[in-house]
Amino acid sequence: MKNFRDIEQISSYLDGQLSLSESAQLESRLTSDPELGSVLKEMRAARGLLRKMPARRAPRNFTLTRKMVGLKPPLPQSYSFFRLSTAIASVLLVLTFAANSLPRIGMGGAAAPVQSFATCNACGGGGSDTTGAPAATEAPAIQAPSMELVPAPTQAEPGASADSTRIGEAPTAEAQLQKEPEPESAPQDQSRVGAEALIPLTWQIILLVIGLGSAGIAFAIHQNARKKWS
Amino acid sequence: MDESALIHAAQNGDLDSFNTLILHYQDAVFHTALRILGDEDPAEDAAQEAFISAFRSLSTFRGGSFKAWLMRTVTNACYDELRRQKRRPTTPLEPETQDGDEMDSPRWLADPNMTPAERSEADELEHAVQHCLDALPTDFRTVVVLADIQGMDYSEVASAARVPLGTIKSRLARARLRLRECLRGFEELLPSSFRLEEERNS
């Protein structure tokens, strides 16, 4: 068995890849070394077998279609214009809805404390009847003035120091009584604000029409281009 | 066929020009894939993948031998196919003999122009050579297929296989050496020229 350097040289010699001097050197060795000569002949025969292998023809055509390579039909510039207008109209439409719903959200957030305050008052009043001593001590302080409030203006003069404190409390209780209708009026305000939308419905309809119209035209252009392309 | 004009047109997106190139090279591409993969169906898939990939990456072709560039693409497609086969090995549905064994040389590929005896001999010789090719490591097989079966010169093979010229020489020598040893096992099928050498050596 020859070393690999010899094998490599013989392989290159077969393909005519050696220089003239290298070829001459190898040829002189081939005549003097029969083993080397037989390696050359065997290798030539093996290469000959490979070269004689029947060339198989392609069983079908491998030609490509536009779909196979993902080619898209050339679209006119108007297509991108209509596509852009569809996108803009859609975004604006969404923004109008968002803008119109913002005041409602704002009112909903502001109304909540008022309602909770109102219910808290109701809880405080109701609680005095059922709960223990601390609540009971506070309850007369609020309820007593309201009971004595009606005769208060007439009995103002004899009512000395004890009345003066009750009179001092009376306006706060009165104010609370006056404020009580507020929760009833708040939903009315809210519904009024809801009715007065920031962006009128007409604009929303216009935007919707523009969006749908542009999308339809863009789709038609695309379909037409595809039909021409195929 | 003005190859460079067709390539230029295809680079500008003209699919018809590229299809003309495909028709010119499809036999060579398929045959290369068949010899590397050793089976028709995956060779067909690899050839199709190679052409699709070639069209998509045509902008990277910077001149030189288009055949070598195409062969690089099909070689890559074959490597991908071999990797896929390794991940998901399949059992080929080959025809069986009466005893239930698989037939070594399927007759459905028969060429009607040859006599049955000739066909049988050619089939078996081709099968033997393909068997020896399949026994080679993939890198060696690729080089020997490109150089000896496709008849490409060393620089083209180096360009297609993306390895230096020296590596091509070395791989080719090793591949031919292994083939020579493998083919000795099919002595009775080999042509007389090959057998005579064997007899003389013994």
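**Exercise 1. Determine how many residues each chain gives to the contact of chain A and chain B, and describe the interface.**

Solution. Step 1: chain A supplies 38 residues and chain B supplies 50 residues to the contact, where contact means heavy atoms within 4.5 Å. The model is predicted: local features need pLDDT of at least 70, side-chain atom pairs count only at pLDDT 80 or more, and totals for chains, interfaces and linings use all residues. Residues are numbered from 1 along each chain as its sequence is written, chains are lettered from A and ligands numbered from 1 in the order in which they are written, and side-chain values use heavy atoms, with hydrogens and water left out.

Step 2: about 4,100 Å² is buried between the two chains, and carbon and sulfur atoms give 63% of that area. Buried area is the accessible area (1.4 Å probe) that two parts lose on being put together, summed over both. On the chain A side, E42(A), R56(A) and F62(A) lose the most area to chain B, together 19% of what that side buries.

Step 3: seven salt bridges are found across the interface of chain A and chain B; a salt bridge is a side-chain nitrogen of Lys or Arg within 4 Å of a carboxyl oxygen of Asp or Glu. R180(B) and E42(A) meet in a salt bridge through their side chains, at 3.1 Å from N to O.

**Exercise 2. Identify the buried residues of helix α7 of chain B and state where they lie.**

Solution. Step 1: α7 covers residues 154–161, and Y154(B), V157(B), A158(B) and A160(B) are buried in this helix. Buried means under 20% relative accessible area (1.4 Å probe, protein chains only), and helices are DSSP runs (H or I, at least four residues), numbered from the N terminus.

Step 2: seen down the axis of α7(B), these buried residues fall within an arc of 165°, so they line one face of the helix. The arc is that of the directions from the helix axis to the C-beta atoms.

Step 3: the buried residues of α7(B) pack against α1 (4–14) of chain A, and also against α4 (66–87), α6 (138–149) and α8 of chain B.

**Exercise 3. Locate the disulfide and describe its geometry.**

Solution. Step 1: the structure holds one disulfide over all chains, a disulfide being a pair of cysteine sulfur atoms within 2.5 Å. C132(B) is joined to C182(B), with 2.1 Å from S to S.

Step 2: C132(B) lies in helix α5 (residues 116–134) and C182(B) in helix α8 (residues 165–183) of chain B, 50 residues apart.

Step 3: the link of C132(B) and C182(B) is left-handed, with -80° about the S-S bond.

Methods: Helix = DSSP H or I, 4+ residues; strand = E, 2+ residues; numbered from the N terminus. Buried < 20%, exposed > 50% of the residue type's maximum accessible area, 1.4 Å probe, protein only.
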